[in-house]
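Me: Could you take a close look at one part of this model for me, and then walk me outward from there? I work at the bench, so plain language is welcome.

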Amino acid sequence: MSTPTGRIRLTPHFESNLPSRNRKASLWQVLFRLSTTIGMIVLALLLYTVVNQAFGLVAIDNKVDPASFAVDGVQIEELDQETLIAVIEENVSKGKFRQLEREQPLAERTWEEVYQVVIDDVVEPKDIVGTWPLVESLTRKEEILAEVEQEHPQATVEFTSWIDPQFVTSPQSSDVLEAGVRTALLGSLLIIAITIVVALPIGIGAAIYLEEYASDNWLNRTIQTNINNLAGVPSIIYGMLGLAIFVRMLEPLTSGAIFGLTDPTTANGRTILSAGLTLAILVLPVLIINVQEAIRAVPNSLREGSYGLGGTQWQTIWHHVLPNAMPGILTGAILSISRAIGETAPLVVIGAATYITFDPDSPFSKFTTLPIQIYQWTSRAQGEYHNIAAAAILVLLMLLLSLNATAILLRNRYSRK
Amino acid sequence: MISRTTEANPLHRRPRRGEFLIRGFLFFCGAFSILTTLGIVYELSKEALLFFRNPAVNLLEFFTGTKWQPQAGAFGVLPLVTATLITTAIAMLIALPLGLAVAIYLSEYASTKARNTLKPVLEVLAGIPTVVYGYFALTFMTPFLRSIFGRDVVDIYNMASGGLVIGILILPLITSMSEDALSAVPRALREGAYALGATKLETAVKVVVPAAISGLAAAFVVGISRAIGETMIVAIAVGAGPNFTFNPFKGAETMTGHIVRISGGDLSYDTIDYDSLFAIGLLLFVITLGLNIISQRIVRRFRETYE
């Protein structure tokens with residue numbers, strides 16, 4: 001450094017330093033790479049956990065000696081109806097008994113029907129005595145079989161895919177083997193339909209206003225800042241807003257009372273309509289920001305061309321800006337809508353139904369959705385509920401995947417134009 | 001100067017009334033967000049005020065009490081706050097270094113091809129619903145922790161498992177915000193460092209990261225805010241009862257987890273339970289809003305420096 005000689009002189013200190021600096025550099029490069037790999041591994045683990053639980057062996061204990069239910073030495077086929085009902089009440093869970101009564105009061109059924117219930121639910125109740133995840137089922141099959149043979153001699157072990165067409169098409173049930181996500185899937189779709197109908201026009205309108213009309217003044221700056229802030233509000237807060245406004249304050253509207261359409265099973269505002277409106281408010285900020293970005297990406301020359309030909313502001317927006325921003329708007333909209341599909345917390349807060357077996361048939365029905373179903377099944381302690389929760393997760397992920405694929409397809413189609 | 005248009009001017013148009021209507025509607029759409037905010041603030045404050053007016057509640061006790069037992073009339077929010085802070089701290093402990101490392105890798109090291117494959121993967125991670133992460137925490141992370149530390153040390157419901165999975169959840173967010181900040185650093189700065197003989201690591205750590213520090217700080221703050229507001233993971237994996245403890249392997253209940261559990265049951269209006277949820281909600285709203293405003297301030301400063 002002392003005299004400028006026209007060539008770079010490396011001080012001895014610099015040279016002695018170099019190998020260690022290079023070592024450090026390559027060490028950290030490995031660390032950075034490793035961190036990225038960890039991210040990938042976690043994603044893989046997540047999918048692995050779900051798939052692993054969604055398939056596997058299940059042991060079903062389905063035979064109980066009918067003689068063990070004999071009352072005072074009288075075999076069940078010779079018992080009268082009342083005693084049979086008592087046998088049912090004694091041997092099935094309370095929830096199951098209530099469900100049977102709801103389907104058709106047992107006392108009003110014929111003897112043959114009641115006897116059939118005894119055979120189906122008491123003698124051959126199909127009790128799950130154990131489930132094993134996929135990998136274990138494949139690698140330890142012999143041991144599992146031996147174990148079951150020893151503990152439950154009458155049980156049968158079979159390989160089950162928890163997710164199958166029957167799982168998607170059957171309603172919720174207290175019997176894990178019969179349970180499905182039909183009700184939840186329909187609930188999710190209806191709620192999202194309402195969300196789209198409400199949020200899309202308002203969201204696109206707000207984005208157009210902010211990008212095309214709003215001048216830089218105090219009010220418009222406030223609106224923009226406010227939208228950015230709302231995008232960061234935890235979703236559960238929106239649930240509380242929905243509970244206070246839609247469920248409670250607007251109950252006559254959301255329960256359908258003012259239309260005279262009240263669902264006999266719901267006398268309150270905890271309905272599909274409330275859920276849809278809550279999610280609409282929840283997705284709006286993100287939707288607006290996404291659409292704004294799409295509109296901002298439209299080159300200014302297009303607008304100026306239109307103005308130059310005498311177009312009014314709205315003509316310019318409608319005929320030039322929107323068609324050009326359409327791919328971006330669609331992508332942004334679908335991305336924010338898929339966020340709404342996965343939302344759970346706000347819907348729990350506004351009061352999703354814990355157990356419904358019938359299809360929702362109007363905006364004023366009680367509701368449950370796929371994520372809520374997953375939450376409820378995951379919260380159960382028994383292992384088999386985790387299996388159907390995993391199956392429901394696969395259904396949810398497939399729904400989201402198909403939505404995102406649609407987004408990409410739509411985008412490609414419009415961009416070709 | 002152009003003369004004022006006259007009726008004789010063929011270019012003069014009558015103002016289209018529709019345009020005003022449309023403009024009015026669009027303005028309403030924009031202003032709707034203000035209504036949302038007002039609605040949130042009004043509803044939360046209204047119910048929270050009812051809660052604090054209740055003779056059973058003492059404002060000082062609310063912020064300093066270490067017991068939250070509505071049945072026993074004890075309303076100290078601290079157990080819920082500490083649980084929230086512990087899960088958030090664990091989450092940030094995971095997400096910050098990892099997210100920063102991934103962002104540095106993506107912006108400074110990765111080839112275009114690697115970046116084009118990795119970024120979609122992160123987007124996929126970001127798009128997975130949180131309830132799925134909750135399932136992952138309960139069925140994978142908790143058994144995993146229990147097999148490492150022992151079943152008597154780690155409870156079935158514990159803050160560590162929830163915190164770790166929240167960390168994974170916010171990793172994509174932190175990564176993408178940090179990467180944006182790093183990529184925004186002008187190329188000339190890097191080239192200057194290389195010209196002085198700096199290694200790639202030295203350029204990244206001593207030049208690019210300090211230049212992007214405000215963007216990184218914003219990512220950090222937004223990450224904290226997301227972690228505090230995260231609900232389903234803690235509702236599933238962290239526990240089912242307020243517990244004043246600093247042991248991450250014990251179960252506890254966060255503010256969000258408490259709101260979900262209480263409102264999930266049959267909650268009647270105008271009870272102290274109902275009102276207390278809104279008081280917790282208001283606290284949550286104020287905390288997250290504060291953090292978001294801080295991060296926006298930081299970002300604004302960052303923009304002024306580089307544009």
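**A close look at Q315(A)**

Reply: Happy to. Q315(A) counts as partly exposed because 15 other C-beta atoms lie within 10 Å, while a buried residue would need 20 or more and an exposed one 12 or fewer. Please keep in mind that this is a predicted model. Q315(A) sits in helix α14 of chain A, which covers residues 313-342. If you look for A179(A), 136 residues away along the chain, you will find its C-alpha atom 53 Å from that of Q315(A).

Now let us step back to chain A. Its domain assignment lists domain 1 (56-160) and domain 2 (182-416). The C-alpha centres of domain 1 and domain 2 of chain A are 44 Å apart.

Next comes the nonpolar interior. The largest nonpolar core holds 192 residues, and M240(A), V283(A), I374(A), A392(A), V165(B) and I233(B) are those with the most contacts inside it. Helix α3 of chain B (residues 78-109) is the top contributor to this core, giving 18 residues. From chain A, domain 1 (56-160) and domain 2 (182-416) each supply at least three residues to this core. I374(A) is a good residue to zoom in on: setting aside neighbours within four places in sequence, I374(A) is in contact with A389(A), A392(A), I393(A) and L396(A), and also with V131(B) and Y135(B). There is a second, separate core of seven residues, with L79(A), L84(A), I85(A) and V87(A) among them.

The two chains also touch. Chain A brings 67 residues to the contact and chain B brings 68. On the chain A side, helix α1 (residues 12-54) gives the most, with 20 residues. That side of chain A is made up of 42 nonpolar, 21 polar and four charged residues.

Finally, have a look at helix α1 of chain B, residues 17-53. With 37 residues at 1.5 Å a residue, this helix should span 54 Å, so the 52 Å between its end C-alpha atoms agrees. α1(B) also has a kink of about 30°, centred on G30(B). G30(B) is one of the buried residues of α1(B). The others are I22(B), L26(B), C29(B), S33(B), T36(B), I40(B), E43(B), L44(B), E47(B), A48(B) and F51(B).

Technical notes. Residues numbered from 1 in each chain as written. Chains lettered and ligands numbered in written order. Predicted model: local features only at pLDDT ≥ 70, side-chain atom pairs only at ≥ 80, totals over all residues. Core = buried A, V, L, I, M, F, W, Y, C linked by C-beta atoms within 7 Å. Helix = DSSP H or I, 4+ residues; strand = E, 2+ residues; numbered from the N terminus. Domains from an automatic or database assignment. Contact = placed C-beta atoms within 7 Å. Expected span 1.5 Å × (residues − 1). Bend = angle between axes of the 7 residues up to and from the residue. Nonpolar A, V, L, I, M, F, W, Y, C, P; charged D, E, K, R; others polar.
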